[in-house]
Amino acid sequence: MSARDHTGTADAGATAPGAINQTMGSREWGILLFLALIWGGSFFFIKVAVSHVPPLTFVWVRVTIAAFALIAYTSLRGEQGLVGWRLMGPMLIVALLNNVVPFLMFAWANTQIASGLTSILNATTPLWGVLLAHLYTDDERMTRNRLFGVIVGIGGVALMMGPAIFGQLGNGLVAQLACLVGAFSYAVAGVYARRFKKMAVSAMSVTSSQLAVSALLLLPVTLLFDRPWTETFPPLGAVAAILGLALVCTSFAYVLYFRLIETSGASNALLVPILVPPTAILLGGLFLGEDLHARDFGGLLLIALGLAAIDGRIFSLWRRPSLRPAA
C-alpha cells in the first residue's frame, strides 16, 4: 500500500509490501474513533449481561456467537473465513493473547477492584504497544511525540476516573497486576498480528479464525468453573445485550481493528483503550443521566493533546520555517 503524506493523499514513493502509514489519515482516525464509540458503548451491554450470566459463560457465548456470525457471513460472500491448518499455530497465539488471557484477567480483576481502576490499567495498553512496536518492527519506531502523547493520554484517563481512584492503588495488588498482564497481552497481540498482512491473510479471516479458536479454548474453562447448565436461562434483555456485544462489539469491531493494524500499525490501533473510558463516561452522561464533572472535560483536553502529539501534524506546523521573500 502506498504511503500517505500529512493530508492523507498518496505519496510519490511506494512503500515496501507490508509497510504501514504510521501517520494516520482521516479514514484511519475515523475508524479509531468509531471503535472507541463501539467499545465505549459496550459497557452498557456488559453491565446488563453480567448481572444475569456468569463472566466466563458470558465471554464464551460472546466469542462463539461472533465467530459463527463471521464464518456464516464469509461463506455467503464466497470468501475464506477460517485460515488453513498451516496458520493455526500463529492463530492460536493471537487467540490466547488477544482474547483468552486478557478476557480472563480483566473478568477476574473486576470482581476484586473498582472498574475505574481497571479502565486506567487497561489504558496502559498503547504504552506497551509503543515500546513493543519499537523493539520488534522496522516501521513503527518510537518518537518523543508518540511517547509523550501516550503518557499524556493515560493521564487524561486517570483524571476522568477521579483522584479518589489512586487511593485504591496497592489494594488488591494481585488484581492490578492481572490487569497489567491483560493490557500487555493486548499489546503483544497487536504487534504479533501484523505478520498476517505479509502472509496475505485478510482482516476478515484473522478475525473469524481467532474468535473460533478462542471459543474452543474457553469452552473447557467455562464448563469447569462456571457450570453453565446449572444456571437459569437469562431474560430477554440480557440475551439482546449479549447479541449486541457479539455481533457489533466483537465481530464487526474486530474486523475494523485488524484492518487498522494492517494499514496503520499496532501502536496506532492500540490507541483505542485510551479513548474507551472517556467514551463510556460521556455516553453515560448523555444517555443515562450520570453526572459529568469539570475533571471529565479536563481529562478530555489532556487526551486530545496526547492524540495530537501522537499524530504530530499540529506540532510540526510550529517547526516549519517561515516563508521569506527571495533576496
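## Around Thr-222

Which residues does Thr-222 touch, leaving out those up to four places away in sequence? The list is Leu-56, Thr-57, Trp-60, Arg-227 and Pro-228. Keep in mind that this is a predicted model.

Thr-222 sits in helix H9, which covers residues 203–225. Its relative accessibility is 1%, so Thr-222 counts as buried, given that the cut-off for buried is under 20%. The side chain of Thr-222 also reaches back to its own helix's neighbourhood: the backbone oxygen of Leu-218 is 2.8 Å away from it.

## The chain as a whole

Zooming out, the chain has 14 helices and 0 strands. Read from the N terminus, the order of elements is simply α-α-α-α-α-α-α-α-α-α-α-α-α-α.

Of the 327 residues in the chain, 50% are buried. If you take the contacts with a separation of 6 or more, 86% of them are between residues 24 or more positions apart. As for the outside, the chain exposes about 15900 Å², and carbon and sulfur atoms supply 69% of that area.

## Helix H6

Helix H6 runs over residues 144–161, and its length checks out nicely. With 18 residues at 1.5 Å a residue, H6 should span 26 Å, and its end C-alpha atoms are indeed 26 Å apart, so the two values agree.

Which residues of H6 are buried? They are Arg-146, Gly-149, Val-150, Val-152, Gly-153, Ile-154, Gly-156, Val-157, Ala-158, Met-160 and Met-161. As a reminder, an α-helix has 3.6 residues a turn, so residues three or four places apart point the same way. Just after H6 comes Gly-162, and its phi is positive, near 100°.

## A nonpolar patch on the surface

Now for the outside of the model. Phe-34, Leu-37, Leu-243, Leu-247, Val-248 and Phe-252 make a nonpolar surface patch of about 490 Å². Two helices each supply at least two residues of this patch: H1 (26–49) and H10 (236–264). Which helix gives the most to the patch? That is H10, with 4 residues.

Leu-243 is one of the patch residues, and its place is in helix H10. Is Leu-243 buried or partly exposed? With a relative accessibility of 37%, Leu-243 counts as partly exposed, because that class lies between the 20% and 50% cut-offs. Thr-222 in helix H9, by contrast, counts as buried at 1%.

Methods
Residues are numbered from 1 along each chain as its sequence is written. This is a predicted model: local features need pLDDT of at least 70, side-chain atom pairs count only at pLDDT 80 or more; totals for chains, interfaces and linings use all residues. Side-chain values use heavy atoms; hydrogens and water are left out. Buried means under 20% relative accessible area, exposed over 50%, partly exposed in between (1.4 Å probe, protein chains only). A polar contact is a pair of N or O atoms within 3.5 Å; within protein, one must be able to donate a hydrogen and the other to accept it, and residues adjacent in sequence count only if both atoms are side-chain atoms. Contact means heavy atoms within 4.5 Å. Patches are made of residues with over 30% relative accessible area and no salt bridge: like charges are joined within 9 Å, nonpolar side chains (Val, Leu, Ile, Met, Phe, Trp, Tyr) within 5 Å. Accessible areas come from the Shrake-Rupley method with a 1.4 Å probe; for residues, only the protein chains shown count as cover. A salt bridge is a side-chain nitrogen of Lys or Arg within 4 Å of a carboxyl oxygen of Asp or Glu. The expected span of a helix is 1.5 Å times one less than its number of residues.
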